[in-house]
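Reader: I am a first-year student, and I would like a close look at a single part of this structure. Could you take me through it slowly, with each term explained as it comes up?

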Amino acid sequence: MVAITRTPANRLVAAGEHGVVIYSDDDGLNWKQARVPVNLTLTCIRFATDKIGWAVGHAGVILKTEDAGESWVMQLNGNQVNKMMMGAAQAPNVQNSPSPAAPLALVRAQHFADGGPDIPFLTMIVFSPQKMLALGAYRIAAMTNDGGKTWQDWSLNIYYRLSRNIYDATEIDGDYYLAAEMGLVFCSTDGGNSFLQLSSPSGTSLFGILGAKDGTLIVFGVAGSAYSSKDQGKTWTPINISTQDDLTGGRVLSSGSIVVTSESGQIFESKDNGASFTALPNIQSQPFFDVQEASNGALIAVGAAGITDISKLKWA
Amino acid sequence: MATKLDDHAAVISDIVDFDRGSGSLVERILFNNRPIILLLCALVTVFLGFEATRVKLNASFENMIPMHQPFIVNFYKHYKDLQSQGNALEIAVQADRGTIINAHYLQVLKELNDKIYLLPNVDRAFMTSLWTPNTRWVSVVSDGLSSGPVINSGTYNGSPAQLAIVAQNIAKTGRVGELVSDDFTSSMIYVPLLQFDGLTGKPINYGQLASEFDNLRQKFAKKGVTLHIIGFGMVVGDMIKGIGKILMFFVVSGLIAMAMLFWFTRCVRSTLLVVAASFTAVIWQMGFLPLLGYDLTPYSVLVPFLVFAIGMSHGAQKMNGVMQDIGRGAHPLVAARYTFRRLFLAGFAALVCDAASFAVLLTIHIQAIQRLAILASIGVAILIFTNLIMLPMILSYTGVSKKAAARSLRNESAEESGRVDHPLWNFLDKFTQKKYAIGAIGIAIIFAGIGVYVGRHVQVGDLGAGAPELRQNSQYNKDNAYIIHHYSTSSDVMVAMVDTPPGGCLNFDALYTMNNLQWQIDQMPQVQSTFSLGSEASKLTMLMTENSPKWYGIVQNQALLNDFQEHLTSRMTNFTCSFMPVYIYLTDHKAKTLNTVVNKLQAFIKKPDHQSPAFKISLLGGNAGIDAATNIVIKQANEFMLALVYATVIIFCFIVFKSWRAVVCAVLPLMLTSVIAEALMVWLNIGIKVATLPVIALGVGIGVDYALYVLGIVMKQLRAGASLSYAYHRTLLFTGKVVLLTGFTLAAGVITWVFAPIKFQADMGMLLSFMFLWNMLGAMILVPSLAYFLLPERLFVAKDDKVIV
């Protein structure tokens with residue numbers, strides 16, 4: 001399992017390899033398997049309402065549910081993504097675009113078209129039941145404003161010249177932030193229309209981005225690196241997390257605590273909005289990829305070993 | 001008319017009165033040259049006895065495999081590429097207290113690791129444990145990939161900080177459940193074995209190997225760790241230890257048979273002679289082993305028992321005859337020659353029939369079974385010389401004890417004089433009457449019904465987990481259970497083999513199909529885990545794209561996949577990147593488990609989506625794959641073999657009886673036994689496998705002996721014009737006791753196996769004992785009952801002849 005989320009109706013829904021989606025209505029005790037039309041790794045799953053949600057994944061796949069995650073239909077695939085990108089790159093107004101990505105758009109679209117429909121979506125922003133933006137590897141991006149009936153290429157709206165992987169996205173007070181490869185961070189203050197580059201905390205790739213209760217921006221990623229910013233990404237302060245392992249996922253809990261998972265099965269917790277993290281002393285041996293708080297407060301982590309209820313782990 | 005019924009030739013007490021030229025040509029040749037024949041026998045015994053000292057105990061893996069089965073053919077095509085996965089021991093080292101992240105534990109593990117490293121035949125380069133430098137982790141750091149040994153012997157000092165690093169390194173290997181147990185209470189030492197030691201060049205001595213490890217087990221128990229050791233080497237080692245005990249069983253079987261024979265004859269001299277003759281047959285047979293280039297295996301070790309038991313029963317027949325004649329006052333030589341005359345043909349037919357029905361097993365293309373068939377056939381053929389020829393000849397010199405002979409005659413004449421004084425014979429005689437015959441046949445039909453109903457559930461293959469050769473509560477199977485419960489890689493491995501053109505192992509379609517195959521197989525409750533380049537490609541994709549779990553999966557990007565080349569290991573593909581094994585670790589190798597998984601695999605391969613010029617999936621390697629192939633062969637062979645055995649028996653019966661009605665009388669009881677034996681296998685949880693398949697043939701082949709002896713004499717009487725009741729009663733008088741004795745000595749010969757430490761020998765013993773005894777009952781109760789309907793009075797007699805009653 002790669003990703004887990006919670007619907008407004010407190011259903012836990014997790015997604016992962018081979019298109020598996022499972023859901024639980026009792027805070028992670030019992031799980032049922034959803035009907036999914038693909039056999040590919042799903043990387044991110046998020047809901048707009050109790051019923052309506054999306055899951056994105058490998059080979060440019062976007063799936064939508066309208067029954068709270070029990071059944072899914074495919075709305076977009078990799079071939080369509082490539083075609084869409086080509087269409088956008090060939091549009092007459094591209095040369096006038098202010099985006100630094102515009103000059104290379106056609107070369108890039110051609111390259112992807114040659115490469116095949118393989119590019120994965122890695123994250124998404126759900127604005128409303130109608131509006132959703134999927135983001136992924138090599139800066140691919142697809143936007144819908146009609147609940148997924150039609151999609152538009154959005155890659156030029158991320159103002160960056162090169163094709164970097166966008167790993168995570170989050171909303172803080174109406175602004176939208178992206179964390180990406182090579183330490184890139186983007187922000188959109190215009191409702192997702194254009195994403196501008198912020199200063200990079202370092203050159204290390206970032207896998208996650210969170211907004212703490214007090215508005216602090218926290219990013220983390222490869223080799224235990226993590227940074228916080230109290231000025232919307234203008235300046236960054238390193239956070240000392242005592243590990244060299246990759247930090248894979250994170251979540252702000254209802255209590256305001258922040259938890260971050262690692263590839264070696266550790267979980268780090270901060271009770272001071274990200275100023276300091278301490279490792280929970282567990283002996284989980286399989287990598288964790290994502291974590292979610294259940295409605296009863298239980299911490300449910302997902303990873304290579306499937307679902308783990310952290311509160312029930314054997315503490316060493 | 002009455003003269004036709006006379007069983008006794010003229011009693012000749014003085015040898016001078018005896019016509020040396022009487023009797024058949026064979027008899028004259030043999031008995032008129034007694035010293036030469038006996039001298040020849042003695043020479044053969046000395047020669048083969050000397051050969052027998054060269055018999056080697058061994059267990060060959062390949063002999064037990066159907067080498068022509070397509071799965072096995074595929075496996076051996078890829079044998080070189082799969083060798084690293086071949087003969088190995090797995091040792092789970094369990095901490096008696098706490099987890100393995102403990103300075104004392106790791107220290108003890110290091111000592112053990114070093115000890116094992118130095119043992120002969122260990123493939124040191126490929127031995128792995130937490131301490132070997134080839135056990136490494138790989139991780140992404142900010143400036144690329146980083147890797148190192150799980151325990152860095154340079155910096156490791158047992159401090160809590162270092163222990164924490166070891167724990168994290170173990171997690172980073174991603175091999176929890178393989179390298180260490182899921183609950184961190186034990187870790188694994190993987191010890192591949194070389195058939196020939198790298199330094200000395202000596203082949204593996206399995207007995208010695210197993211005892212070395214048993215010593216380590218005891219030694220390290222004192223240091224706070226428990227060893228759980230599994231692998232082919234340990235099974236073979238345990239079996240070789242078990243064969244030692246078989247010798248004791250042989251002695252016990254011999255003693256029981258001797259006691260029975262003595263109880264029957266009350267003559268020490270003749271009892272010892274029969275035992276000696278049967279034992280001579282065993283010596284001859286053992287002598288044939290090295291001459292044929294065969295080793296004594298845990299399978300063939302049972303054949304001498306059978307030969308001994310069959311020898312005892314035929315010897316008893318001969319001695320009975322000689323004893324009766326001597327009791328009447330005949331000279332020993334005359335008695336021996338008369339007995340030879342009377343019984344040689346019946347005995348010869350019975351033994352040839354046995355040999356032929358054993359030979360039927362040759363149609364099964366598993367060498368262990370074929371060799372067993374050859375050995376058993378040779379053994380039975382030897383009995384023709386030792387027990388049908390040599391024994392009466394020796395008896396012609398020694399005679400029997402006068403007292404015993406007189407007793408035998410007394411019993412016989414007492415029985416002959418009146419028809420009422422032997423309750424058992426009178427009871428059995430009742431089955432020639434309508435009421436009893438219907439009753440017996442009715443009960444037999446009910447038994448047959450139950451047998452068929454229950455027997456439908458008989459399974460091919462092993463029904464238990466662990467090493468089926470050994471008992472469930474043996475050390476080995478306990479160790480195996482521990483490892484199954486604590487690790488996700490079991491010792492029951494199936495390997496699906498994927499071939500591609502050279503250099504094609506990273507083809508997207510191949511990897512994607514393999515990955516899907518694993519995914520489907522992983523969902524089965526019978527499967528613990530799987531491993532192949534297909535699943536590793538998902539991990540490699542992630543590792544090569546900054547280690548983000550969101551990249552976990554096979555991306556349809558051939559350029560990206562081609563970059564994996566430098567990360568491929570010998571476990572994922574071969575040197576030319578053209579062969580990829582898919583390892584499937586099963587929960588056990590029960591017949592049902594194997595069947596289910598094989599069916600699933602075959603269904604997967606059959607789908608057009610899963611076929612491509614870029615790759616070809618073929619089945620099936622690994623020890624569980626071999627088991628599955630063996631099961632398939634056994635299943636096909638089982639019915640074919642039974643048909644052949646029965647055909648053989650029917651032909652022999654027809655030659656002897658010359659009446660199809662008599663053939664039906666003889667064969668139906670045998671079929672009942674076969675049917676009930678299958679039901680018994682279900683009840684006793686015995687599957688049809690390499691070890692038990694021969695039992696079915698042996699049971700039928702030997703079982704027909706009874707019918708030959710009983711019905712043969714009945715037919716003779718009937719043809720002479722006797723009523724069925726009269727004929728049967730006379731038969732009982734003449735051979736009834738010997739038939740009983742035969743049944744019990746045969747059963748005694750094999751019943752001791754039930755206590756064998758090796759389970760399949762126990763299974764064989766149980767089944768054979770049952771078949772021998774049940775066939776005896778069949779011959780004595782069902783044969784007359786069936787005869788009542790099939791062999792009515794006057795069938796062989798002209799209308800006007802008077803029936804003798």
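Author: The cover over the buried residues of α16(B) includes β6 (493–499), β7 (527–531), α17 (533–544), α18 (558–562), β8 (579–586) and α19 (591–606) of chain B; here helices (H or I, at least four residues) and strands (E, at least two) are DSSP runs, numbered from the N terminus. This is a predicted model, in which local features need pLDDT of at least 70 and side-chain atom pairs count only at pLDDT 80 or more, while totals for chains, interfaces and linings use all residues. Residues are numbered from 1 along each chain as its sequence is written, and chains are lettered from A and ligands numbered from 1 in the order in which they are written.

The residues of α16(B) that lie buried (20 or more other C-beta atoms within 10 Å of a residue's own, with C-beta atoms placed from the backbone) are A510(B), L511(B), Y512(B), T513(B), M514(B), N515(B), L517(B), Q518(B) and I521(B). Because the expected span is 1.5 Å times one less than the number of residues, the 15 residues of α16(B) should cover 21 Å, which agrees with the 21 Å between its end C-alpha atoms.

Chain B also touches chain A, with 23 residues of chain B in contact (C-beta atoms, placed from the backbone, within 7 Å) with 35 residues of chain A. On that side of chain B, the elements giving two or more residues are β2 (136–141), α5 (160–173) and α16 (508–522) of chain B, and α5(B) supplies the largest share, four residues.

Technical notes:
Contact = placed C-beta atoms within 7 Å. Buried ≥ 20, exposed ≤ 12 C-beta atoms within 10 Å, placed from the backbone.
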